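Colleague: Got a minute to go through this model with me? I'd like to start with the overall fold and then pick out one helix.

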Amino acid sequence: MKLDQSILRALSLDPAATTVATHGSSGFNATAKISTTLKTGTRKHFFMKTAPGKDAEIMFRGEHASLNSIHNAVRSLCPASLATGVSDDGNAFLVTDFLDMSFRSSAGIQQASSAMSLAAKLAKLHTTPAPIPVGYSKAMFGFPETTCCGDTAQPNDYKDSWATFYSENRLLAILTKCERNHGKDAEFRSLVEKTANAVVPRLIGDDHLNDGKGVTPVVIHGDLWSGNKGKGQIGGEGPIEDVVFDPSAVYGHSEYELGIMNMFGGFGKSFFDEYHDLCPKTAPIEEYQDRVSLYEL
């Protein structure tokens, strides 16, 4: 396997000291491990995804921004993304810090019990205000890049209302894509529009949540299920600890994260008890489960 020169340039690596080999698998792209020896003599490893086409370029730009938005808020929660672009051979690429998930029990490696739990890390992420986007004077709901949940591209243009964002950029956007791919269905459109126009403002309207104070945008992983979490070591140093990967981030309501988590399972009662001790449920608390059910759509 040969590493494209454009990727070597993006990472400022010496081609004579760098190798690449297939590593892992993915349903959407080819994956590989880049290994190099730095000028200091230190061995360094990277994880790379490549795929052809414009869709892959969009997907990788979104994942690059998603990983870094999470990493900037909670550095030990996910690897940093180091480069993305289109290689000289025309393939889109994404390169991140290597996430070593091969450990079971290794002498000399600090074990995960000494690190923050996944519940604590996620609570920290969800109680850290999202950055103010470039060109705006206040925090907004959205994201600077289009992101992909699976192979579904999600528009993330900014809105100052969470209810508006969820209605327009998620429910109605998915409806439009479904109709484009499968044709129109009047009953389905009516159900989605009723949800967007009546249920959304009733349950997550800005004048309804937190006694009319609304919610503060925080970074959301966006595709957090049991298959996108694990235990690993980031960048070849530090403890083995709880980590996440393959995000589809957005600046949104913290409870939006819980929709996919609840729908696909893998997070038990003890996880949510610890999480909510650190990141309390949004008021009105009695409508919490209704909101989570809404976010499963």
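Modeller: Sure. One thing up front: the radius of gyration here is taken over C-alpha atoms, and the globule rule is 2.2 Å times the number of residues to the power 0.38. Also keep in mind that this is a predicted model.

Colleague: What radius of gyration does the protein chain have, set against a compact globule?

Modeller: The chain has 297 residues, so the rule for a compact globule gives a value near 19 Å. The C-alpha atoms fill a box of roughly 60 × 45 × 35 Å along the principal axes. The radius for the protein chain agrees with the rule, at 20 Å.

Colleague: How much of the protein chain is buried?

Modeller: Buried means under 20% relative accessible area. Among contacts with a separation of 6 or more, 62% join residues 24 or more positions apart. Of the 297 residues, the buried share is 48%.

Colleague: How many helices and strands are there in the protein chain?

Modeller: We'll get to one of the helices, α3, which spans residues 118-126. For the protein chain, the count is eight helices and 12 strands.

Colleague: Is helix α3 largely enclosed or not, and what covers its buried residues?

Modeller: Eight of its nine residues are buried, so α3 is largely enclosed by the rest of the structure. Those buried residues include Leu118, Lys121 and His126. Their cover includes three strands and three helices by name: β9 (218-220), β10 (229-234), β11 (241-244), α2 (54-73), α6 (256-264) and α7 (269-278).

Note on methods
Residues numbered from 1 in each chain as written. Predicted model: local features only at pLDDT ≥ 70, side-chain atom pairs only at ≥ 80, totals over all residues. Heavy atoms only, no water. Helix = DSSP H or I, 4+ residues; strand = E, 2+ residues; numbered from the N terminus. Buried < 20%, exposed > 50% of the residue type's maximum accessible area, 1.4 Å probe, protein only. Contact = heavy atoms within 4.5 Å.
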